[in-house]
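Here is a short walk through one protein model. Keep the sequence and the coordinates side by side as you read.

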Amino acid sequence: SILIMQYILSSIGAHGTQERTLIAVKPDGVQKRLVGEIIKRFEQRGFKLVGMKLLQASEELLAKHYHDLKTKSFYSSLIDYMSSGPVVAMVWEGSNVVKTSRAMVGETNPLDARPGTIRGDFSVDICRNVIHASDSVDGAQREIGLWFQSNELVDWESCLHSNTYQ
């Protein structure tokens, strides 16, 4: 099928460079029980999950993550919101995963997010917009380093293109 071919191509990097990105299901997304749906969308797109954890994000971690927003008026409420409940942090790998993930997630303001995007389908308020996705390759590398130790990321090969399982 087309999905399997897309998966194989993205797994071996046939149409772009391999990248990694941080995707985080925010407290409202976890509370709405959207973690499985979000994982499903990334898997169906052909991306490979290489790290995942459920955690209560500390204010110290969040301050580092959102350091560029420190002077914004909404900064303290953002930190309060992100520390108000569990977050599911994930690292996804694949061809052009950063740009594609941003498109899948949708606009920051859910009112501007198109139907079919995660925010367009599941969010109604800019202050509770369900999910975070890294905005650049450099940003993704920085964010992954904040949320994950290198030994928490797993390199693995799909059995879809391995002789081991044929």
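Which polar atom lies 3.1 Å from the backbone oxygen of Thr-108? The model is predicted, so the answer comes from computed positions. The partner is a polar atom in the side chain of Asn-129.

Start with Asn-129 itself. This residue sits in the loop between H7 and strand S4, which spans 131–133. Asn-129 is buried, because its relative accessible area is 3% and the cut-off for buried is under 20%. Setting aside neighbours within four places in sequence, Asn-129 is in contact with Lys-26, Asp-28, Tyr-81, Thr-108, Pro-110, Arg-119 and Ser-123. Thr-108 thus appears twice: as a contact of Asn-129, and through its backbone oxygen in the 3.1 Å pair.

Now turn to Arg-119, another residue on that contact list. Arg-119 belongs to helix H7, residues 118–122. Is Arg-119 buried or exposed? Arg-119 is buried, since its relative accessible area of 4% falls under the 20% limit. Residues up to four places away in sequence are again left out of its contacts. What remains is Lys-26, Val-105, Gly-106, Glu-107, Thr-108, Pro-110, Ala-113, Asn-129, Ile-131 and His-132. Lys-26, Thr-108 and Pro-110 are among the residues that Arg-119 touches, and Asn-129 is in contact with these three too.

An annotation ties several of these names together. The unreviewed UniProt entry marks a "binding site" that covers Lys-26, Phe-74, Arg-102, Thr-108, Arg-119 and Asn-129. From this set, Lys-26, Phe-74, Arg-102, Thr-108, Arg-119 and Asn-129 are found in the lining of the largest pocket.

Look at that pocket next. Its volume is about 620 Å³. Of the 24 residues that line the largest pocket, Lys-26, Tyr-66, Leu-69, Leu-78 and Thr-108 are the closest to its centre. Which elements each supply at least two residues of the lining? Helix H5 (75–82), S4 and helix H8 (137–147) each do. By class, the lining holds nine nonpolar, seven polar and eight charged residues.

Finish with Ser-101, in helix H6, residues 97–105. Ser-101 counts as buried because its relative accessibility is 0%. Beyond its neighbours within four places in sequence, Ser-101 is in contact with Thr-21, Ile-23 and Phe-42.

Note on methods
Residues are numbered from 1 along each chain as its sequence is written. This is a predicted model: local features need pLDDT of at least 70, side-chain atom pairs count only at pLDDT 80 or more; totals for chains, interfaces and linings use all residues. Side-chain values use heavy atoms; hydrogens and water are left out. UniProt positions are given in the numbering used here, feature names are shortened, and annotations may be inferred rather than shown by experiment. On a 1 Å grid over the protein atoms alone, a cavity is a set of points where a 1.4 Å probe fits but cannot get out, and a pocket is an open set with protein on both sides within 12 Å along at least five of seven lines; lining residues have an atom within 4 Å of a point. Helices (H or I, at least four residues) and strands (E, at least two) are DSSP runs, numbered from the N terminus. Buried means under 20% relative accessible area, exposed over 50%, partly exposed in between (1.4 Å probe, protein chains only). Contact means heavy atoms within 4.5 Å. A polar contact is a pair of N or O atoms within 3.5 Å; within protein, one must be able to donate a hydrogen and the other to accept it, and residues adjacent in sequence count only if both atoms are side-chain atoms. Grid points are joined across faces, edges and corners, and a volume is the space filled by probe spheres set on the points. Ala, Val, Leu, Ile, Met, Phe, Trp, Tyr, Cys and Pro count as nonpolar, Asp, Glu, Lys and Arg as charged, and the others, Gly among them, as polar.
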